[in-house]
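Please look over the sequence and the structure shown here before reading on. The report that follows begins with a pair of residues and then turns to the chain.

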Amino acid sequence: MYILKKFIAEFKAFALRGNVMDMAVGVIIGGAFSGIVTSLTDNFITPIISLVGGTRYSWEQINGFVSSFVGTVVNFLIMAFILFCLLKAVNKLMALGKKPEAPAAPTTKKCPYCCSEIPIEAVKCAHCASELPKNE
């Protein structure tokens, strides 16, 4: 039982890593975009080349070509939107388990005499040459 839980935890860590998720999105979007390219070729480029050969198309056929291409584009947009929503949900679920990072320690301080920014370790201001108090 322990081995199965460890295996599932390792698989979850692998599958939800950023680069794996990016690659999966790229493959899915690439496949959907190839449908747009195929539709463009079948519904616009091939009929235009056929016109040179003497083929005649009716308005109904032209309307069918356009509607088929528009349908393919709409399918692509719907798929991209659904994928976006899924990734947003996965990212939100991943963020639930993480603790917020502690704020970084300051690296600069203000000189009490000239109010310029100086390194926090400084004992003398580089701008006004004042000796800084030890307690700051």
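## Cysteines without a bond

In this predicted model, the sulfur of cysteine 111 has its closest cysteine sulfur in cysteine 125, at 3.7 Å, which is too far for a bond. Because a disulfide needs two cysteine sulfur atoms within 2.5 Å, the sulfur of cysteine 128, which is 3.6 Å from its closest cysteine sulfur, again in cysteine 125, is likewise too far for a bond. By this rule, the number of disulfides is zero.

The table sets out the accessibility of these two cysteines beside that of a lysine.

| Residue | Relative accessibility | Class |
|---|---|---|
| Cysteine 111 | 1% | buried |
| Cysteine 128 | 31% | partly exposed |
| Lysine 109 | 14% | buried |

Lysine 109 lies in strand β1, which covers residues 108-110. The side chain of this lysine 109 reaches the backbone oxygen of isoleucine 120 at 3.5 Å, and it also reaches the backbone oxygen of alanine 122 at 3.4 Å.

## The chain

Three helices and two strands are found in the chain, and from the N terminus on they follow the order α-α-α-β-β. The radius of gyration of the chain is 31 Å, whereas a compact globule of 136 residues would have one near 14 Å, and the C-alpha atoms fill a box of roughly 90 × 55 × 20 Å along the principal axes. Of the 136 residues, 14% are buried, while the chain exposes about 11000 Å², with carbon and sulfur atoms supplying 69% of that area.

Key
Residues numbered from 1 in each chain as written. Predicted model: local features only at pLDDT ≥ 70, side-chain atom pairs only at ≥ 80, totals over all residues. Heavy atoms only, no water. Helix = DSSP H or I, 4+ residues; strand = E, 2+ residues; numbered from the N terminus. Buried < 20%, exposed > 50% of the residue type's maximum accessible area, 1.4 Å probe, protein only. Polar contact = N/O pair within 3.5 Å; in protein donor to acceptor, adjacent residues only side chain to side chain. Rg over C-alpha atoms; globule rule 2.2 N^0.38 Å. Areas by Shrake-Rupley, 256 points an atom, 1.4 Å probe, with all protein chains shown as cover.
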